[in-house]
Amino acid sequence: MSVDNEEIIVLGIESTAHTFGVGLATSKGKILANVNESYRPKEGGIHPRESAEYLSAVAPKVLFKAMEDAGITFREIHGVAVALGPGLGPCLRVGASIARALSIKFKIPLIPVNHGVAHIEIGRLTEKMFDPLVVYLSGGNTLIAAFSQERYRIFGETLDIAIGNCIDVFAREIGLGFPGGRAVDELASRGSRYVELPYVVKGQDLSFAGILTAALRLFREGRYPVEDIAYSFVETLYSMVAEVAERGLVHTGKRELLLVGGVARSPLLRKKLETISRDHNVKFRCVKPEFAGDNGAMIAYTGALALKAGVKTKVEESYIKPRWRVDEVDIPWFHMVRKMII
Amino acid sequence: MVSYGSKDDNIISIGAEAILLLDEWFGLPAVRKIRVRKKYRETTLDELIRRKRTLIEARLLIAAHEKGVPTPIVYDIDKDHYSILMEYIPGTKLRDIVESLPVKLMEKIFFEIGYHSGILHENEICHGDLTTSNVLFVREREAIFFIDFGLGAFTNRLEDAGVDVHLFLRSLESAHTSVTKQAFKAFINGYRRARSQKTVKMVLDKVEEIRSRGRYTSR
């Protein structure tokens, strides 16, 4: 591990699903650039290959825009970080190829970053939380985690589909387009009557597939106003998350609750988590919108922390890891962050 | 902590979804478990969940007890107040003492948990929240008791048995990292004692499948 106090600059690349992002950040938590472009399918969900083609197409533009924003040259960068997983194979390969090329060309270390860990680290930094219970919700991930014994341990997760995916598919099927989070929330705010839907909490785990099927069936039957179905749908989803978060707080005894990931943008969900935080007298924060969705800055910042802690990989060993779990990653930099946020 | 305006001296514990009060039943020490209103939940949904869980918990506790699985005896149910009055077990949560146990005793306890979990599953009872927090240990008698069946179900689906075993394994991995392997091995040995070889294999395959599902692929 590096013991010096030198501030290093790392370039980070995000390309796990539909966003190509490049960020520049320092090991002391300064975000120098954060440029992101997202693929929006004309219809349907994300097709991995189509998304990958889009990511390749926008990559050069995003990369150079980020360099311009940061106002530095490639020679000033100490390392290049890339999200090697979890994510969609074809998409991951786009970012990995570019990162490998930069590493070779400029003779700088290549740093493997877990996408989920990066969501957690950027939240800890910007919301100034040292040791929170983390609720990480997005289109592809749904998990509750907290630091214990060198890793972010998973206390609860989905047993089938991710919550964001559940919401997006519902939105798409009822004609609200993609991504659907905001539109579904907005529709739900006009509903008032609760219609029963499967509420599936198993221990600390969640299941969303049954709710999605049931909500779509209600929609097709047409017996209830779509506003009431949307209202019941989001109430059920977010209540399940709140319940599991509350269990997590009680079990872990953590004094901070941090919401990260794309679904963190939902005001309705935030309100529920605020309520349980007040009840348990813990501090609640939600990651800022610019760092909620997938972004390059979180990869760059996490990469800078990792490089400081001595984490890097050889180019020939930098395989993508589509199913790389958050709890498979050692976090030797966990305590380094303390001085930056307190 | 949360305040419910009750006399504090009766409160045994305040959990995530219920409070436990010390009570009595015809002179016997008893526990009253009351599922409390959750402000973050829509009222209709909140009442629905509390009623369902109170009833299913009581039913499963009774059914488990009938099959010889150690659980607190249910004395009374008050579904309008979402409460169950049950036997008081003077034990501690297994979660808090696992690391302090001698290896032999630790293995014996996990064997028993595995065995009784197998009995539950053989009788189409799934616990729904099988963790070391939901097993009480009474040191004097070296006895265990299963509690907190509110997320359980009467079911013979392989998936549900698989989820129980998966949840238990994960509770070991997250809370008892240093003894996970030994404890889970003892658990499975006990589980094998209660179920056929073929069934155990199917359940373990299911656990594998649950743990490898495509839930981490993504953004």
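How many residues of chain A are in contact with how many residues of chain B? In this predicted model, 53 residues of chain A are in contact with 36 residues of chain B.

## The interface between chain A and chain B

The size of an interface is often given as the accessible area lost when the parts come together. Here chain A and chain B bury about 3,900 Å² between them, and 51% of that area lies on carbon and sulfur atoms. On the side of chain A, the residues that lose the most area to chain B are L159(A), Y194(A) and R323(A), which together account for 15% of what that side buries.

Side chains of opposite charge can pair when their charged atoms come close. Between chain A and chain B the count is ten salt bridges, and one of the pairs joins D129(B) to R247(A), with the closest N and O atoms 3.0 Å apart. Polar contacts across the interface of chain A and chain B, counted where both residues have pLDDT 80 or more, come to 17 residue pairs.

Which elements of chain A give two or more residues to the side that touches chain B? They are α3 (115-126), β8 (151-157), β9 (201-202), α7 (226-252) and α8 (267-279) of chain A. Of these, α7(A) provides the largest share, ten residues. Sorted by character, the residues on the side of chain A that touches chain B divide into 17 nonpolar, 20 polar and 16 charged.

## A mixed sheet in chain A

In chain A, five strands form an open sheet with mixed pairing, in the order β8-β7-β6-β11-β12. Strands β8 and β12 (283-286) of chain A stand at the edges with a single partner strand each, so one side of each is left without a neighbour in the sheet. From one strand to the next the twist averages 25°. At the β12(A) edge, strand β11 (residues 256-260) of chain A pairs with β12(A) in the parallel sense over four bridges, and L257(A) stands opposite F284(A) of β12(A).

Strand β8 of chain A thus appears both as an edge of this sheet and among the elements that give residues to the side touching chain B. A salt bridge also involves this strand: R325(A) pairs with E157(A), the closest N and O atoms being 3.5 Å apart. Because R325(A) lies in the loop between α10 (296-308) and α11 (338-341) of chain A and E157(A) in strand β8 of chain A, the pair ties together parts that are 168 residues apart in sequence. Over all chains, a search of the whole structure finds 44 salt bridges.

## An antiparallel sheet in chain B

Chain B also holds an open sheet of five strands, here with antiparallel pairing and in the order β1-β2-β3-β5-β4. Why is one side of β1 (11-14) and of β4 (74-78) of chain B left without a neighbour in the sheet? Both strands stand at the edges, each with a single partner strand, so one side of each has no neighbour there. The twist in this sheet averages 20° from one strand to the next.

The pairings at its two edges are set out below.

| Strands | Bridges | Sense | Residues opposite each other |
|---|---|---|---|
| β1(B) and β2 (residues 18-25) of chain B | three | antiparallel | I11(B) and L21(B) |
| β4(B) and β5 (residues 83-87) of chain B | four | antiparallel | I77(B) and I84(B) |

Strands β4(B) and β5(B) form a hairpin with four residues between them, and Y82(B) in the turn has a positive phi of about 55°.

## Backbone details

Most residues other than glycine have a negative phi, and most peptide bonds are trans. Besides the turn residue Y82(B), with its positive phi, N281(A) has a phi near 55°, a positive value in a residue other than glycine. N281(A) is placed in the loop between α8 and β12 of chain A, and that strand, β12, stands at an edge of the chain A sheet.

Is the peptide bond from G85(A) to P86(A) cis or trans? The bond is cis, with omega near -5°, and P86(A) has its place in the loop between β4 (79-85) and α2 (89-106) of chain A.

Notes: Residues numbered from 1 in each chain as written. Chains lettered and ligands numbered in written order. Predicted model: local features only at pLDDT ≥ 70, side-chain atom pairs only at ≥ 80, totals over all residues. Heavy atoms only, no water. Contact = heavy atoms within 4.5 Å. Buried area = accessible area lost by both parts, 1.4 Å probe. Salt bridge = Lys/Arg side-chain N within 4 Å of Asp/Glu carboxyl O. Polar contact = N/O pair within 3.5 Å; in protein donor to acceptor, adjacent residues only side chain to side chain. Nonpolar A, V, L, I, M, F, W, Y, C, P; charged D, E, K, R; others polar. Pairing = 2+ DSSP bridges. Axes fitted to C-alpha atoms, helices over the stretch in contact; angles between N-to-C directions.
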